[in-house]
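Welcome, and thanks for taking a look at this one. Please have the viewer open while you read the notes on the two ligand sites below.

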Amino acid sequence: MNSKLPPVEVATLEKGIDLQRLPAHVAIIMDGNGRWAKQRLLNRVHGHERGAETVRTIVTVSREIGIPTLTLYAFSTENWQRSAIEVSALMSLLKKFLESEKPIMMSNGIRLNAIGQIERLPQDVQDVLFQTIEATRHNPGMVLNLALSYGARAEIVRMTRILAEKARDGSLDPQSITEETVSSHLYTHNLPDPDLLIRTSGEMRISNFLLWQIAYSELHITRTLWPDFSRNEYLDILKDYQQRDRRFGNV
Ligand code: IPE
Ligand code: IPE
Ligand code: MG
């Protein structure tokens, strides 16, 4: 990180962020890498490379201020439809990111988790991913949850199949199914629902992300493209979140 920036405690103090009332789970749709590159007449892959630097910044700030869980939407089930060149560039960037960040996750106590159809990722990416998850599994600091080859509808279909199989073999009574049963059979079974969902680059849509889990998340959409998204804007969004009145249907 840029050494000229003030320490994060100073920045959060300046902005009046209450570190005791941070969201327990922040989820981010990291969008706009392609447009960032296009504006500069660069290949989309350059946008993804710059986007990976923003990932590093936002993971670092989140860890420093004490966000317990950070979920990043890195690749959707629909993203498999992109050109083979772009998909393979994204996969090698992901592998490079995991390799370079592993020591940083270890020294900062970050635990890696992944959600999505991981079995569809190239074998070498799966290998590094599982090695990193394993190496970081006892880290107590923050859960970094990567949504990779993730689609919320696919997740719900998978959950439905698991429950139907259990009902068929007699280990689950359909009448006993509750919201808790559903939550505990999703990829996110070990994580709280997001309190705050951020989307960069201005699109007013969810793009098949965490449909069940965001039922009561606070939404924040910024027009900033992901490679331009900064620590400063992130802190402003956290401050804005703390000013929201979360009523959950109550008065
Ligand atoms: C987000 O940026 C990264 C992924 C979806 C993998 P995009 O690649 O979607 O960038 P835009 O939306 O085309 O600008
Ligand atoms: C959502 O962005 C997926 C990720 C950020 C990984 P997309 O660019 O794929 O979504 P759409 O096409 O704008 O809906
Ligand atoms: Mg996009």
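Strand β2, residues 69-76, makes the largest contribution to the shell around ligand 2, with four residues. The model is predicted, so please read the distances below as values computed from it. Ligand 2 sits in the largest pocket, and ligand 1 sits in the largest pocket as well.

**The shell around ligand 2**
- From the early part of the chain, the residues around ligand 2 include I29, M30 and D31.
- Further along, the surroundings of ligand 2 take in Y73, A74, F75 and S76, followed by N79 and R82.
- R199, R205 and S207 complete the set of residues around ligand 2.
- Sorted by class, this shell holds five nonpolar, three polar and four charged residues.

**Polar contacts and cover of ligand 2**
- The side chain of D31 places a polar atom 3.1 Å from an oxygen atom of ligand 2.
- N79 has a side-chain N or O atom 2.9 Å from an oxygen atom of ligand 2.
- For R205, a polar side-chain atom lies 2.9 Å from an oxygen atom of ligand 2.
- On its own, ligand 2 has 390 Å² of accessible area, and the protein covers 78% of it.

**The shell around ligand 1**
- Ligand 1 is surrounded by residues that include the run M30, D31, G32, N33, G34 and R35.
- R44, H48, A74, N79, R82 and L90 are also among the residues surrounding ligand 1.
- By class, the shell of ligand 1 divides into three nonpolar, five polar and four charged residues.

**Polar contacts and cover of ligand 1**
- A side-chain N or O atom of D31 is 2.8 Å from an oxygen atom of ligand 1; D31 also has a polar side-chain atom 3.1 Å from an oxygen atom of ligand 2.
- At G32, a polar backbone atom is 3.3 Å from an oxygen atom of ligand 1.
- G34 likewise uses its backbone, with an N or O atom 2.9 Å from an oxygen atom of ligand 1.
- Taken alone, ligand 1 exposes 380 Å², of which the protein buries 87%.

**Helices at ligand 1**
- Two elements, α2 (33-39) and α3 (44-65), give two or more residues each to the shell around ligand 1.
- Helix α2 gives the most to the shell of ligand 1, with three residues.

**Residues to find in both shells**
- M30, D31, A74, N79 and R82 appear around ligand 2 and also around ligand 1.

Terms used: Residues are numbered from 1 along each chain as its sequence is written. Chains are lettered from A and ligands numbered from 1 in the order in which they are written. This is a predicted model: local features need pLDDT of at least 70, side-chain atom pairs count only at pLDDT 80 or more; totals for chains, interfaces and linings use all residues. Side-chain values use heavy atoms; hydrogens and water are left out. A residue is near a molecule or strand if one of its heavy atoms lies within 4 Å of it. A polar contact is a pair of N or O atoms within 3.5 Å; within protein, one must be able to donate a hydrogen and the other to accept it, and residues adjacent in sequence count only if both atoms are side-chain atoms. Accessible areas come from the Shrake-Rupley method with a 1.4 Å probe; for residues, only the protein chains shown count as cover. On a 1 Å grid over the protein atoms alone, a cavity is a set of points where a 1.4 Å probe fits but cannot get out, and a pocket is an open set with protein on both sides within 12 Å along at least five of seven lines; lining residues have an atom within 4 Å of a point. A molecule sits in a cavity or pocket if more than half of its atoms lie within 2 Å of its grid points. Ala, Val, Leu, Ile, Met, Phe, Trp, Tyr, Cys and Pro count as nonpolar, Asp, Glu, Lys and Arg as charged, and the others, Gly among them, as polar.
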